[in-house]
Amino acid sequence: MKRKYFGTDGVRGPVGAVPMTPDFALKLGWAAGCVLARTKGARVLIGKDTRRSGYMFESALEAGFAAAGVESDMLGPIPTPGVAYLTRALRAQAGVVISASHNPHHDNGVKFFGPDGGKLSDEVEAEIEALIEQPLECVPSDQLGRARRIDDAQGRYIEFCKSSFPLNRSLAGLRIALDCANGAAYRTAPAVFAELGAEVIVIGDRPDGFNINRDCGSTHLGALKRTVAERKANLGIALDGDADRCLMLTADGREIDGDEILFIIARSRLAAGALRGPVVGTLMSNLGLERALETLGIEFQRAKVGDRYVMEMLKAGGGELGGETSGHTLCLDRTSTGDGTVTALQVLAAMLDTGRSLGELASGMSKFPQVLINVKLAGKADAVMASPAVQAAVREAEARLGARGRVLLRPSGTEPLIRVMVEAQEEGETQSAAEFIAAQVRAVAA
């Protein structure tokens, strides 16, 4: 379903350009209020990350909800999954997050959760978009919504995260280096790990409104690597700006990505007899993950790129565990959306259950070498993708690789690019196959 404003994760863009303007945010709040909260006394929760622009959008959204007759409860800076949890716990009709996730401060976005703490369907988003195009009609003054603040929102979320960790376990004796990306988890995540007994060395916990994700967090692991080495930490945990993603580092600084995290948690759930349904990754998930799960007898399925599609496939197949290579992991037996802090706790629980280090747990999966080449386009991607020459190149590369690898060709959803991705057991043949296909794509696209 084609949407004008909503992408795969809400509305997002540069601050000051449509749709991320204060007047659009007001209209968005009004339209969402009309669609999501149709009953008298309906309420929504509004949380945000640490961007300076969050104050502006918070006020505009609140005004829009008030015009629709909807009550707004302000949560302040809080991780995206915290809003999802509190929407369910407080029986609100909807939750709203003001964040652009791992993007720099000059971007921002708005995403919504339904009363179940899950993301909105395409149909509901289309209904909101249709209303945005209509004139704003304010309810009578005696029906206007009010705005309040929930002062203990962070504390409630901290307790929820801790509840996802086994009651009979403690993190005492572990030294954890934690990078909060100068984002939404700068207070909550350190408290969670410390209250569970760990010694926590925190970086990226000094937000100034502009330094969110800047040279820190899950997209920039250099500072965390230095901290792990200098402070001799047992492991490192990196969150992103809204703390729905998590990547990790071993004691010797090796990066543990979302595929390896998914493997560790899946194997732990299997050992405990608690793994239900298939494990779901995406088209970009490493072939090594698929093979490792196959060895364990675990069914693996691939969804389109985007956590909303992983979620859809999990629900359709009765699964509870899925995720993306980027570290956006879904543990639906613990929470309703991706949660970086909860994800890290599941890995830590697996370490304690087995007595093995993070590096040892990840060694059960061997990643295949992966090459990604982006080819710029002048025309439409569909014509290039359908070209007989390009299709023939893909078939030839697949025939060469056989069962030793795989090929993925897909257009970018945000840029005029075609992405050529090849995985194989040998790095040389991976690079060769990717360059072969990319050359054909360039020739057709020229």
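**Notes on the strands, sheets and one pocket**

1. Let's start in the middle of a sheet: G236 sits across from L249, a residue of strand 10. Keep in mind while reading that this is a predicted model. The two strands behind that pair, strand 9 and strand 10 (residues 246-249), run antiparallel and share 4 bridges. They make a hairpin with 6 residues between the strands, and A243 in the turn shows a positive phi of about 65 degrees.

2. Strand 9 deserves a second look. How many of its residues are buried? The count is 5 of 5, so to speak a strand that is mostly covered. In a regular strand, side chains alternate between the two faces of the sheet. Here L235, I237 and L239 point one way, while G236 and A238 point the other way, and all are buried.

3. On to the partnership with strand 7. Strand 7 (residues 175-179) and strand 9 (residues 235-239) run parallel, joined by 4 bridges. If you want to find the register by eye, I176 has L235 as its bridge partner, and L178 stands opposite I237.

4. Zooming out, these strands belong to an open sheet of 5 strands, ordered 8-7-9-10-11, with mixed pairing. Strand 8 (199-203) and strand 11 (255-256) are at the edges with a single partner strand each, so one side of each has no neighbour in the sheet.

5. Strand 2 (residues 43-48) is another mostly covered one, with 5 of its 6 residues buried. Which strands does strand 2 pair with in the parallel sense? One is strand 3 (residues 71-77), over 6 bridges, and another is strand 4 (residues 94-98), over 5 bridges. Handy landmarks are L45, which stands opposite D73 in strand 3, and I46, which stands opposite V96 in strand 4.

6. Now follow the chain out of strand 2. The path goes through helix 2 (residues 53-67) and on to strand 3, giving a β-α-β crossover that is right-handed.

7. There is also an open sheet of 4 strands, in the order 13-12-14-15 and again with mixed pairing. Which strands form its edges? They are strand 13 (300-303) and strand 15 (329-331), each pairing on one side only. On average, neighbouring strands in this sheet are turned by 20 degrees against each other, ignoring direction.

8. At one end of that order, strand 14 (residues 321-323) and strand 15 run antiparallel, with 3 bridges between them. To locate the pairing in the viewer, look for L321, which stands opposite C331 in strand 15.

9. Last, a pocket. The second largest one has a volume of about 260 Å³. It is lined by 16 residues, and those closest to its centre are S268, R269, A272, A350 and D353. Helix 8 (258-271) and helix 11 (340-354) are the elements that give two or more residues to the lining. Sorted by class, the lining holds 8 nonpolar, 4 polar and 4 charged residues.

Methods
Residues numbered from 1 in each chain as written. Predicted model: local features only at pLDDT ≥ 70, side-chain atom pairs only at ≥ 80, totals over all residues. Heavy atoms only, no water. 1 Å grid on protein atoms, 1.4 Å probe; cavity = no way out; pocket = protein on both sides within 12 Å on 5 of 7 lines; lining within 4 Å. Points joined across faces, edges and corners; volume = space filled by probe spheres on them. Nonpolar A, V, L, I, M, F, W, Y, C, P; charged D, E, K, R; others polar. Buried < 20%, exposed > 50% of the residue type's maximum accessible area, 1.4 Å probe, protein only. Pairing = 2+ DSSP bridges. Right-handed = clockwise from strand over helix to strand, strands pointing away. Axes fitted to C-alpha atoms, helices over the stretch in contact; angles between N-to-C directions.
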